[in-house]
Amino acid sequence: MAEQSKPHVDEYTGVDTTGHVWDGIRELNKPLPRWWLWIFYATIVWSIGYWVVYPSWPLITGHLNGVLGWNSRTAVLEDLKGLQDLRAPMVNRLADAEIAGVADDAELLDFTMAFGRAAFGDNCAPCHGAGGGGAVGYPNLIDDDWIWGGQIDEIRHTIAYGVGNDHPDSRLGIMQAFGRDEILDGEQIADVASYVRTLSGLEPAPDTDVEAGAVVFAENCVDCHGEEGLGDHELGAPNLADAIWLFGSDHATITETIQNGRQGNMPAWEERLGATTVTALAVYVHSLGGGE
Amino acid sequence: MTTAEPTKLAEDFEEPFYKPHEKVYPQKVSGTYRRIKWIVLFVTLGIYYLTPFIRWDRGPEAPGQAVLLDLPNRRFYFFWIEIWPQEIYYVAGLLILAAMILFLMNAVAGRVWCGYLCPQTVWTDLFLAIERFTEGDRRERIRNDDGPMTPELLARKGVKHVLWLMIAWWTGGAWVLYFADAPTLVVDLATFQAPIAAYVWIGILTFTTYSLAGHMREQVCVYMCPWPRIQAALTDEDAMNVTYRYDRGEPRMSAKKSVAAHKKGLPAGDCVDCHQCVAVCPTGIDIREGPDLGCIQCGLCIDACDTIMEKLGRPKRLIAYDTDLNIRRRMEGTPEKMRIFRPRTLLYMALIAGIGLLMLYGLATRSLLDVNTIHDRNPAFVVLSDGSIRNGYTVRILNKRNETRRFEIAVDGLPASTLEVFNAEMIDGRQVVEVGADQTRAFRATVSVDSLDGEGSHAIAFVIRDVEADTIATANEMFRGPGSNE
């Protein structure tokens with residue numbers, strides 16, 4: 001507890017005390033310079049200036065706005081606007097450029113890559129991974145296998161209009177549910193799954209008939225996946241003869257795929273992000289390692 | 001410190017909580033330490049004001065200023081040294097070196113920094129000299145300030161403030177010249193073409209110099225600066241300090257009285273209590289009261305006391321660089337000891353030498369070509385449609401030379417691997433890239449193999465070779481495949 005005692009001279013140091021006592025501890029009076037006190041008062045006056053100029057006291061509804069009308073949200077928006085203005089010359093150059101020609105202009109390419117990387121992180125990474133590595137059911141964008149084609153304008157089309165959505169230009173690729181819709185029975189599905197595994201050099205499952213599977217394949221699958229299972233970019237039919245699998249290469253997963261079918265979905269990004277951002281994304285994705 | 005009578009009440013001595021500013025009127029003095037201070041003042045201010053104008057030829061692509069902090073381009077030039085942001089640890093090394101030197105100076109001879117080298121001391125000294133020039137010496141200034149304000153005094157004070165402001169303005173002006181080409185900026189400043197930031201900085205430094213050196217003076221040392229507190233904690237009994245030798249000086253009495261005392265066989269000290277040491281003190285303390293936080297140890301009281309002792313025909317150095325321990329030794333009749341080399345100072349010297357050599361080594365072996373690589377993390381590797389494995393990297397080449405250079409990028413350590421560098425030029429099957437003068441440039445590269453021997457990570461290295469010269473830079477990396485620890 002703080003209490004007051006009569007100020008007196010400290011016996012040990014010979015210095016005056018302030019007269020404040022805390023639990024028997026007294027404070028020596030080491031006087032500060034008066035200018036220090038004036039600066040302290042000046043900071044108080046300064047703070048009143050802050051109340052007047054900047055948003056400060058809360059009221060029942062809202063708060064004091066300050067005569068400058070400044071607020072942090074507007075400041076951020078102004079900063080963003082400034083940033084956009086700063087980028088505008090390059091953004092305009094990208095908007096006017098032919099997408100195939102971007103790579104020939106080193107300065108534009110540097111800008112487009114940075115632009116695309118940022119847009120990818122904001123919009124694409126949740127499904128395709130921060131580095132474009134994909135996940136089960138979400139295509140890997142850095143390998144050399146493309147469901148809808150790996151040419152830069154094909155990539156741009158896929159990003160711009162998406163897959164399996166309401167946009168009139170959307171890509172649409174549906175793998176039928178051969179089992180659920182009773183087109184094939186369980187044995188046929190097991191056989192064709194084994195046959196599909198052999199297309200890329202994998203071992204067929206035991207107790208399945210690969211030759212019977214080949215027949216099933218020829219009758220049901222070749223329309224989309226082709227006679228050798230090489231797929232078709234036009235239809236979004238994956239290549240079944242390579243080492244890359246969107247959902248998995250084990251027998252059970254392939255069986256499930258044939259049983260229940262598959263359908264990819266991706267939003268149409270151009271209406272959300274605008275054409276220039278989509279172009280930058282296409283250039284960026286094309287450069288990730290698999291572009292054709 | 002004397003112990004006060006416990007019965008004495010505060011009314012007798014009570015001090016206010018905030019004390020009014022007592023202006024210090026340091027008196028003119030001459031002598032050894034004053035001379036040292038003048039020399040240090042001219043040298044340090046000379047370095048500060050003139051350095052930006054020293055030219056240094058670095059070729060057409062680089063700035064021709066010897067000392068330049070090029071903030072927009074993130075380069076620091078110091079004569080033949082050019083430092084990139086990646087090498088900012090040199091600055092950290094310099095700061096550590098400076099701290100160690102400060103500790104060593106303190107352990108050997110007290111507050112050498114405060115008394116002679118600190119900008120606050122140097123500029124205050126200069127401002128005091130101007131005050132003395134315009135308003136006269138101590139007695140005249142005290143008399144004038146006590147008396148009424150006459151037009152003449154007003155004029156003299158006016159001249160003083162104008163001179164102070166001119167120096168302060170020049171101080172700010174010199175500051176901004178370290179950040180841009182000095183001769184160009186001087187012209188720009190004069191023709192109001194310079195960036196607004198330059199004027200703002202000149203304004204700030206004009207204000208701080210004028211107020212700190214002109215008005216705050218010793219208040220900065222006593223109340224604002226942390227160093228006196230740190231210094232007090234770092235000092236020890238062997239450190240030399242500006243000391244009043246009370247063994248010789250006490251009991252103090254006038255010259256006449258001391259003759260009488262000698263006749264009676266009574267002790268008489270050499271201090272005649274003339275107060276010259278107090279009159280010349282820039283912080284207004286009395287050195288005879290013992291070690292003081294306010295004492296910046298400039299040695300001016302030594303000069304003042306020596307002058308008096310000389311007139312009286314007594315030995316000089318009643319106030320001198322000494323230790324309290326030696327004073328007690330002399331009083332006890334034991335021999336004095338001067339221990340400059342003691343474990344503490346030797347440690348500081350070793351650290352200074354060690355850090356200095358390390359930095360010199362770093363500078364001498366500084367490479368003008370460097371490469372950093374970043375391995376793609378997500379995913380660490382990718383399997384291609386033919387089953388081969390590919391890793392992606394960002395290869396950043398730092399060309400620290402003032403000319404555009406071409407480099408071959410190659411990968412080492414993985415047999416039968418294929419390297420592809422995006423946007424590289426293929427020359428005879430080699431991947432060649434170009435990096436502009438004094439620039440960094442990042443390239444995307446992939447390394448692929450058909451199959452890997454064994455699982456896990458494989459150590460590889462990116463080798464960057466200057467196509468014209470045979471300079472090489474290497475970055476160690478990993479190649480990851482299935483089963484490797486991501």
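Domain bounds here come from an automatic or database domain assignment, and the model in these views is a predicted one.

**View 1. Chain A is divided into three stretches by its domain assignment.** Starting at the N-terminal end, domain 1 covers 2–47. Domain 2 is made of two segments, 74–163 and 267–287, while domain 3 takes in 174–263.

**View 2. Here domain 2 of chain A meets domain 3 of chain A.** Their C-alpha centres are 33 Å apart. Ten residues of domain 2 of chain A and nine residues of domain 3 of chain A make up the contact. If you look at the domain 2 side, you will find five nonpolar, two polar and three charged residues.

**View 3. Now we turn to the contact between chain A and chain B.** Chain A contributes 32 residues and chain B contributes 34 residues. On the chain A side, strand S4 (32–33) and helix H1 (34–53) are the elements that each supply two or more residues. H1(A) gives the most, with four residues. Sorted by class, this side of chain A holds 13 nonpolar, eleven polar and eight charged residues.

**View 4. A closer look shows a strand of chain A pairing with a strand of chain B.** The partners are S4(A) and strand S1 (residues 18–19) of chain B, which run in the parallel sense and are joined over two bridges. Which residue of S1(B) is the bridge partner of Pro33(A)? Lys19(B) takes that place. S4(A) is also one of the elements named in View 3 for the chain A side of the contact with chain B.

Methods
Residues are numbered from 1 along each chain as its sequence is written. Chains are lettered from A and ligands numbered from 1 in the order in which they are written. This is a predicted model: local features need pLDDT of at least 70, side-chain atom pairs count only at pLDDT 80 or more; totals for chains, interfaces and linings use all residues. Two residues are in contact if their C-beta atoms, placed from the backbone, lie within 7 Å. Ala, Val, Leu, Ile, Met, Phe, Trp, Tyr, Cys and Pro count as nonpolar, Asp, Glu, Lys and Arg as charged, and the others, Gly among them, as polar. Two strands pair if DSSP finds at least two bridges between them.
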